[in-house]
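Have the sequence and the model open side by side. Then follow the chain through the stops below.

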Amino acid sequence: MTTRRLLYLFCLGVAVLFYIFDTGFFSFLLLILGLAFVPMELLISLPGLLGVRVTLAVQPDEVRGGAPITLAVKARAQRSFCSVKGRLLCQNLMVNSEKKLRFRLPVGPAKRYQIEHYGAAIGAVRFSVRKLWLVDAAGLFAFPLRVPAPVTALALPEISQPPPPLPEAALQRGAQNESPARPQADLMREYTDIREYRDGDSLRDIHWKLTAKREKLMVREGHFSAANTPQLCFDYHGSPETVAEALGRLEGLSNTLTSLERLHRVHWQTPDGALQSHLIDSQSAFDALLWTLLETPLPAEGATILHQPAGYPGPVLLVKADSTELYEDGQLKEVVE
């Protein structure tokens, strides 16, 4: 922009000197054109100056295994000869790293411009525009614009494939209504009421005797008991690569328990030393846990969570990057790799 301003001032100065030394019609015309250039080009740029809108979007908003996150900046206006320039800040909230970028793009009707591919092994990556200007058609003036709302994408850990095995004791202990005739998926389910069948109910919950008596489908309504549920613990400190492997293993174990309809809890320690616990009863609950974790700064060092005083009911599984350890009464009983 500075170069263009200097070039304009140079051309205007030449036109003025030309008019001083030669007061003919041609020199007068050049001087008028030089003086009228700025208001004319601002008038041409006026539609863009008044109607431009800038938004941010990430595509996709969740990636795994260090895949690139593509940020799209969309500058929209009905008619415009302007361009948009700004400063972009990319922050990984988990590993506390950032990258600053500059961008400039023309304004168009609903066009997307890919300006950055930001790859991260793990973490919540926030993209925010720090400063934004609208540049007129000639590139002589810049007008501040309202910055768009920041957007966040998740760089998720790679899930262990195949899923890590669960210790057999973790699947057998803490069971409710243990009966050889009942499927393993119902070990943690307690039935408290009977009602009519609704779409989405499991066929395993149908009360066949009452159904035959009333001549309509009746199901047993139940809930999951939180007593003696598997307790998954992991250490939230260390290198991002180690924590990514541990979280990938943790998600694999959680997915296995969820598929078995086993209620479970996940425990970890925050950087300030506070113990956290999250109840997992569905895949969406674990997804919400990942959002919470990946937005929390990762400390480099810390004590293992099993050293903290906490009376965990049920089997305790310490999930590490390369193994799962089963503890009973604070004593290591089994290691599954």
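What follows goes from the whole chain to a sheet, a pocket and one loop residue.

Start with the overall picture. This is a predicted model. The chain holds six helices and 17 strands. It has 337 residues, and 41% of them count as buried. Now look at contacts with a separation of 6 or more. Residues 24 or more positions apart account for 66% of these.

Next, find the open sheet. Six strands build it, and their order is β14-β13-β12-β15-β16-β17. The pairing is mixed. Which strands stand at the edges? They are β14, residues 275-280, and β17, residues 331-336. Each has a single partner strand, so one side of each is left without a neighbour in the sheet. From one strand to the next, the twist averages 25°.

Zoom in on one pair within this sheet. Strand β15 covers residues 316-319, and strand β16 covers residues 324-328. The two run antiparallel, joined by four bridges. Take V316 as a marker: its bridge partner in β16 is Y327.

A helix also meets this sheet. Helix α6, residues 283-294, lies across β13 (264-269) and the edge strand β14. Its direction is at about 155° to that of β14.

Strand β15 leads on to a pocket. The second largest pocket contains about 170 Å³ of space. Which elements give two or more residues to its lining? They are α5, residues 240-259, and β15. The largest share, three residues, comes from α5.

Now place the lining residues on the model. F234, D235, H237, G238 and S239 are among them. So are T242, V243 and A246. L318, V319, K320 and A321 also line this pocket. By class, the lining has six nonpolar, four polar and two charged residues. Rolling a probe the size of a water molecule over the atoms shows where empty space is left.

Last, turn to a loop elsewhere in the chain. Strands β4 (83-92) and β5 (97-106) have a loop between them, and N96 is found there. Check the backbone of N96. Its phi is near 60°, a positive value in a residue other than glycine. Is N96 buried or exposed? N96 is exposed, because its relative accessible area is 69%, and the cut-off for exposed is over 50%.

Conventions
Residues are numbered from 1 along each chain as its sequence is written. This is a predicted model: local features need pLDDT of at least 70, side-chain atom pairs count only at pLDDT 80 or more; totals for chains, interfaces and linings use all residues. Side-chain values use heavy atoms; hydrogens and water are left out. Two strands pair if DSSP finds at least two bridges between them. Axes are lines fitted to C-alpha atoms, for helices over the stretch in contact, and angles run from 0 to 180 degrees between N-to-C directions. Contact means heavy atoms within 4.5 Å. On a 1 Å grid over the protein atoms alone, a cavity is a set of points where a 1.4 Å probe fits but cannot get out, and a pocket is an open set with protein on both sides within 12 Å along at least five of seven lines; lining residues have an atom within 4 Å of a point. Grid points are joined across faces, edges and corners, and a volume is the space filled by probe spheres set on the points. Ala, Val, Leu, Ile, Met, Phe, Trp, Tyr, Cys and Pro count as nonpolar, Asp, Glu, Lys and Arg as charged, and the others, Gly among them, as polar. Buried means under 20% relative accessible area, exposed over 50%, partly exposed in between (1.4 Å probe, protein chains only).
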